[in-house]
Amino acid sequence: MVPLNWYLGLAAFLFCCGLYTSLARRNAVAALMGIELMLNAVNLNLIAFWRHSATMDMLAGQVFTLFVIAIAAAEAAVGLALIISVYRNRKTVNLDELDMLKG
Amino acid sequence: MNDAMVMLNLNMQAILPQTVLILFALLIMMVDAFGSGATEEHAGAKGALPWIAIVGILSAGAATAWAWGKTPVSFQGQAINDHFALSINLVVLLAALLAVLFSTSYIQKVNRQIGEYYALILLCTVGMMLMGAATDLIVLFVALEIFSLALYILTGLHRANPRSTEAAMKYFLLGAFASAFFVYGAALLYGATGATQYDAIAFIVSNGQADPYLLYAGIGLLIVGFGFKVSLVPFHMWTPDVYQGAPTPVTAFMSAGTKAAAFAGLARLLVLALPAAQPQWGWILAIFATLTMILGNLAAVRQQSLKRMLAYSTIAHAGYILAALVPGTVEGADAALFYLFTYAFMNMGAFAIIMTLEEKVGEDALQENARGLNQRAPLLAFLMAVFMFSLSGMPPLAGFFGKFFVFRAAVNGGWAWLAVVGMITSAIAAYYYLRVVVAMYFEKPSAEREATVPHTWPALQIGLAIAAAFTIVVGILPSFWAGIMQSGFGW
């Protein structure tokens with residue numbers, strides 16, 4: 001069996017990729033993609049923990065993953081809707097140009 | 001475990017108030033879809049929507065009162081309806097009631113689809129109530145997302161207003177970002193203990209069987225996730241923008257409800273599932289609380305927009321509440337709960353008055369809009385003064401006792417210096433709250449505002465009366481209300 005730490009390392013790497021994407025990219029859609037990647041890194045973690053746990057008949061890790069997937073889908077739907085509503089107002093989805101609110 | 005036992009443990013009583021609200025939210029969407037009026041002015045059955053929402057909120061309140069004293073545990077210990085959860089229900093339902101009363105004739109100008117507005121308020125309330133009831137990491141995460149997703153949409157409800165949509169965009173990106181941290185933390189906690197239920201986690205952590213690296217990394221990430229939701233410094237950057245851009249009734253609801261829900265979830269997680277790790281997380285929380293109290297209050301001083309000022313004041317209040325949770329005692333959880341209760345109505349009342357000062361729907365209310373309010377609308381000026389005094393913590397109003405219990409819990413838990421920081425920063429806070437009072441009573445309105453009288457309507461007046469009555473009555477009878485708001489985890 002592949003050791004647990006390899007999975008954790010891969011998941012942490014994916015999470016950091018998502019983190020970087022969502023912070024560095026100025027396009028709202030790309031930032032949203034970064035967040036989705038972070039959530040999927042978590043899913044990988046959860047499954048790995050479940051696979052290596054002493055109580056594999058308790059399905060908490062798997063069930064958690066299913067909930068995370070469902071919520072990520074809901075989040076993407078709401079997020080894309082908000083991006084469209086911003087685009088209709090401003091004709092841009094560049095996060096740097098969303099600067100009406102500050103002080 | 002056999003099937004009969006599984007059936008027995010599916011106890012719907014434990015989530016009865018939430019179920020009632022969901023049914024009413026569905027009813028509102030049905031009425032909205034099938035009861036459309038003939039013209040825009042006469043909205044037909046849609047005029048009844050706020051009243052359906054109010055009936056729903058009151059029914060959920062009745063369900064909460066009915067469940068008082070019973071302790072149904074539900075779904076194999078996923079959720080519990082103990083005293084703490086029921087108290088949070090009351091706080092959140094009060095916030096929802098005030099939000100509906102404040103928005104009746106305001107929200108139609110913001111967005112014609114008022115059906116979805118009221119349905120979302122109710123669904124959001126469901127998520128907030130579940131935060132207080134969750135005793136499992138999965139339920140906690142789902143509850144967090146239910147209310148967050150509803151709030152993202154509510155923030156962007158003023159679709160024609162670029163500020164509203166911009167606020168929603170920022171809130172969504174940072175909120176989703178925080179959720180990812182939160183769920184990463186939950187996953188590590190699951191990895192460290194092999195369990196998602198609080199009692200199992202508490203058992204394994206206190207026996208020292210948990211992997212320390214995973215455990216502390218998980219706790220840290222969970223605190224970061226919560227920190228975004230309750231706007232702790234340094235995770236507060238979104239708060240002023242979102243509060244300023246969102247439609248004002250939504251801002252009011254968000255300030256009271258989100259705080260109550262997220263702190264309820266945090267308190268239950270830390271005090272119930274992770275008491276054994278308090279020496280570690282206590283320090284982290286103490287540092288966050290100190291930063292939050294100092295920076296929140298200092299930043300509020302220089303704001304011209306009233307909504308932005310209250311947003312920074314919200315951040316500061318999050319610091320006070322966090323200070324109560326630092327010792328990890330039940331007394332601290334009680335104090336936080338009482339503070340959340342007092343904060344709900346005094347802050348929402350203040351937002352309601354700011355709403356009347358807006359010259360046009362969706363526009364910002366500045367400090368100068370409040371100038372000379374006493375000459376234009378003496379009653380509103382008086383109520384605003386009451387809310388401001390209460391927020392600054394003047395006795396004998398509700399806010400004073402909120403602060404008193406919080407600081408007492410910190411001192412009794414052995415964190416006296418936190419209480420000292422809290423008191424010093426409260427003095428700074430008094431400056432910007434009282435500046436509004438001075439502007440209302442002692443400054444002259446600018447020439448173009450001399451004759452304008454703030455616009456109010458009956459439902460808003462009822463809501464303001466409720467908020468003001470609570471602010472004064474809770475201040476006069478604090479021990480009675482503190483008795484109701486006693487946490488009693490699992491009784």
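B:Asn89 lies in helix α4 of chain B, the element that spans residues 83–103. In this predicted model, B:Asn89 has a relative accessible area of 0% and is therefore buried. Leaving aside residues up to four places away in sequence, the contacts of B:Asn89 are with B:Pro17, B:Thr64, B:Asn81 and B:Met129.

Helix α9 of chain B, residues 198–206, offers a second view of buried positions. Its buried residues are B:Tyr198, B:Ile201, B:Ala202, B:Ile204 and B:Val205. An α-helix has 3.6 residues a turn, so residues three or four places apart point the same way. The buried residues of α9(B) pack against four elements of chain B, namely α7, α8 (162–193), α10 (212–229) and α12 (248–273). Just after α9(B), the backbone at B:Gly208 adopts a positive phi of about 70 degrees.

Confidence in chain B varies along the sequence. The mean pLDDT of chain B is 88, with 93% of its residues reaching 70 or more. Among the elements of chain B, helix α7 (residues 137–155) has the highest mean pLDDT, at 95, and helix α1 (residues 3–9) the lowest, at 50. Over residues 1–6 of chain B, pLDDT stays under 50, and the model has three contacts beyond four places in sequence for these residues. Where pLDDT is low, the predicted coordinates should not be read in detail. For the model as a whole, the scores are ipTM 0.95 and pTM 0.93.

Chain A contains three helices and zero strands, and its elements run α-α-α from the N terminus on. The radius of gyration of chain A is 17 Å, well over the 13 Å that the globule rule gives for 103 residues, so chain A is more spread out than a compact globule. Along the principal axes, the C-alpha atoms of chain A fill a box of roughly 55 × 25 × 25 Å.

Further values for chain A are set out below.

| Property of chain A | Value |
|---|---|
| Buried share of the 103 residues | 42% |
| Accessible surface | about 5,500 Å² |
| Share of accessible surface from carbon and sulfur atoms | 69% |
| Separation of the mean positions of the 7 positive and 6 negative charges | 7 Å |

Contacts distant in sequence also feature in chain A: of those between residues at least 6 apart in sequence, 55% join residues at least 24 apart.

Key:
Residues numbered from 1 in each chain as written. Chains lettered and ligands numbered in written order. Predicted model: local features only at pLDDT ≥ 70, side-chain atom pairs only at ≥ 80, totals over all residues. Heavy atoms only, no water. Helix = DSSP H or I, 4+ residues; strand = E, 2+ residues; numbered from the N terminus. Rg over C-alpha atoms; globule rule 2.2 N^0.38 Å. Buried < 20%, exposed > 50% of the residue type's maximum accessible area, 1.4 Å probe, protein only. Contact = heavy atoms within 4.5 Å. Areas by Shrake-Rupley, 256 points an atom, 1.4 Å probe, with all protein chains shown as cover. Lys, Arg positive; Asp, Glu negative; His and termini not counted. Charge placed at Lys NZ, Arg CZ, Asp CG, Glu CD. pLDDT = per-residue confidence, 0-100.
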